[in-house]
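Reader: I would like to learn how to read a structure such as this one, feature by feature. Could you take me through it slowly, giving the general idea before the particular case?

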Amino acid sequence: MFHLVGRLLAVVLLCLAGAIGWVMIDAHRSIDAQTAGTADRVSQRLAALYWQKLVWRNGVSRETLLPMPDWETLATASIVSPGICVTAKLPGLDPRQLCSQIEALGEPAPGWFAATYDFLFGPQTEQKRYLTVRDKDAGYVLSSAQPDAALRLSWHQVSIVVGVAIAMAAAITILATLMIGHALIPARTIIEGLRRLEQGDLGWRLPRFQTAEFNLIARAVNDLSEELARTNAARTALTTRLFQVQEEERRALARDLHDEFGQCLTATAALAASIEAGAPPDREDLADDARAITRAQQRMMENLRGALVRLRSQNIDEIGLEASLHQLVSDHNAQASRAVVRLNVIGKLTALPKQVAIDIYRVAQECLTNAMKHGSPTEVRLKVEHVGMDRDTISLTVEDDGGGDATYINRGQGHGHGILGMRERISALGGSLSIGKAAKGVRVAALIPLLGSRGDLAFGEATA
């Protein structure tokens, strides 16, 4: 609004400057015209006066029979324009000047206006008329504007124009501001709607407006909202299905590793023990090789157990989410020597849908892995809270004291696809994920609605 009003005032001032310039030019031309008109009228009157009163003998350059008549009369003064001086040079007489009153042209102009006017236009031109074209010695009339005449006339007209223009500009500015402000009211509503779309409220729609242009914008925004809602629903369904397929692949991989690879390692350990037990006394090297195979098998079994812990989610079906989280924390405390993971569970987690529980487990698992891998914490606090009654939601918070840059993590730099995967899981559940700075490290907080959310409906249909 301020920019529009400022532009409007700039246009008004530009037009006002143009009007003032035009008035000054017109006043300058008007004085020139009055000077020429006065010269014509006075020369014609004097010529007529002498032809009536004088007896010419061989031209007016010779002595006249009658004296020259008096031309400086009221009748002559009446035909002289205000602010104009007339100088008559008659045969045998000194030049004499007759000036009209300049006060009729207005008040004197200020000094700055006079300096500007003189700089732009300079002095007025004089007009000279001979009494007769047949004998220039008969005399002439010289008409010129007084120095202050054009200034007074120009200043008088500019004052009137500026006064009227200022009044009109003020009225136009006020009315235009009110009209523009009223016309731009829908713009604020449109901006608020776009911000709500940015925040994820895809169900909100813009109302109809009286202005056709804003109606077109509103229709385009509403169409965009509907398309975004359809796209988001399709993306959510696809993400849900992808995570389900991922969990199925993880379970299948964990089963294959346990059944095939685990059995092979067990058989390898048994074979190595048999070789060690049956080795002849003189083949100590054979017993050493068997013991080396046993040690390698034990390391492979430990790695296999860790991989199975990361892959398996069927424990949630067997022992529940809370016990699985306790097991996850115990595994991290057993593996990580430099950091202690503390778990705090508030509320009941037994009635959660299967896929919701799996996703909460995976998000907690990813958060703990990132805290250990990308920081140097001494303590990591995992808190899972089920808030019932009016707000049936799951709140998951992971906070560490290992330093780290929350802005760097939010951009997903150096964290592979872990952050993106967590955001996708939480978004598919209809929740929100935020990563911010903690007192000594990074704080990851997720809020997941359970009732009336897109995630609950989607996973309810998926598990049905």
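Author: Let us begin with a single residue: at 34% relative accessibility, K383 counts as partly exposed, because that label covers values between under 20% for buried and over 50% for exposed. Please keep in mind throughout that this is a predicted model.

Reader: Which side chain meets that of K383 in a salt bridge?

Author: The general idea is that side chains of opposite charge can pair when their charged atoms come close. Here the side chain of K383 meets that of E385, with 3.9 Å from N to O, and E385 is itself partly exposed, its relative accessible area being 23%.

Reader: How many salt bridges does the structure hold, and what do R443 and E399 tie together?

Author: The structure holds 9 salt bridges. In one of them the side chains of R443 and E399 meet at 3.9 Å, N to O; R443 lies in strand 9 and E399 in strand 7 (residues 393–400), so this pair ties together parts that are 44 residues apart in sequence. The two partners are not equally covered, since R443 is partly exposed at 35% relative accessibility, whereas E399 is buried with a relative accessible area of 19%. Through shared partners, salt bridges join R342, E379, R381, E399 and R443 into one network.

Reader: Where do R205 and E226 lie?

Author: R205 and E226 form a salt bridge whose closest N and O atoms are 3.9 Å apart. R205 lies in the loop between helix 5 (185–198) and helix 6 (212–278), while E226 belongs to helix 6, so the pair ties together parts that are 21 residues apart in sequence. R205 is partly exposed at 31% relative accessibility, and E226 is partly exposed with a relative accessible area of 35%.

Reader: How should I read a pair of aromatic rings, and how many aromatic pairs are there?

Author: A pair of aromatic rings is described by the distance of the centres and the angle of the planes. The count here comes to 4 aromatic pairs. For W112 and W155, the ring centres are 5.9 Å apart and the planes stand at 90 degrees, so the pair is edge-to-face. Because W112 lies in helix 3 (residues 111–121) and W155 in helix 4, the pair ties together parts that are 43 residues apart in sequence. W112 is exposed, with a relative accessible area of 57%, but W155 is partly exposed, at 22%. A second edge-to-face pair is formed by Y130 and Y140, at 6.2 Å centre to centre and with 70 degrees between the planes; Y130 lies in strand 3 and Y140 in strand 4, so parts that are 10 residues apart in sequence are tied together. Ring pairs also link W112, F113 and W155 into a cluster.

Reader: What is the strand order of the open sheet of 4 strands?

Author: In general, the side chains of a regular strand alternate between the two faces of the sheet. This open sheet has the order 2-1-4-3, with antiparallel pairing. Its edge strands, each pairing on one side only, are strand 2 (96–99) and strand 3 (127–130), and the twist averages 20 degrees from one strand to the next. Strand 1 (residues 84–89) runs antiparallel to strand 4 (residues 140–145) and is joined to it by 6 bridges, with A145 as the bridge partner of I84. Towards strand 2, strand 1 pairs in the antiparallel sense over 4 bridges, and Q97 is the bridge partner of T87. In the hairpin of strand 1 and strand 2, which has 6 residues between the strands, G92 takes a positive phi near 80 degrees.

Reader: Is strand 1 buried or exposed?

Author: Of the 6 residues of strand 1, 5 are buried, so the strand is largely enclosed by the rest of the structure.

Reader: Finally, which residues make the nonpolar surface patch of about 360 Å²?

Author: An α-helix has 3.6 residues a turn, so residues three or four places apart point the same way. The patch is made by I160, V164, M168 and I172. I172 is found in helix 4 (residues 149–183), and at 41% relative accessibility I172 counts as partly exposed.

How values were computed
Residues are numbered from 1 along each chain as its sequence is written. Side-chain values use heavy atoms; hydrogens and water are left out. Patches are made of residues with over 30% relative accessible area and no salt bridge: like charges are joined within 9 Å, nonpolar side chains (Val, Leu, Ile, Met, Phe, Trp, Tyr) within 5 Å. Accessible areas come from the Shrake-Rupley method with a 1.4 Å probe; for residues, only the protein chains shown count as cover. A salt bridge is a side-chain nitrogen of Lys or Arg within 4 Å of a carboxyl oxygen of Asp or Glu. Helices (H or I, at least four residues) and strands (E, at least two) are DSSP runs, numbered from the N terminus. Buried means under 20% relative accessible area, exposed over 50%, partly exposed in between (1.4 Å probe, protein chains only). Two strands pair if DSSP finds at least two bridges between them. Axes are lines fitted to C-alpha atoms, for helices over the stretch in contact, and angles run from 0 to 180 degrees between N-to-C directions. Rings of Phe, Tyr and Trp (its six-membered ring) pair if their centres lie within 6.5 Å; planes under 30 degrees apart count as stacked, over 60 as edge-to-face and the rest as tilted.
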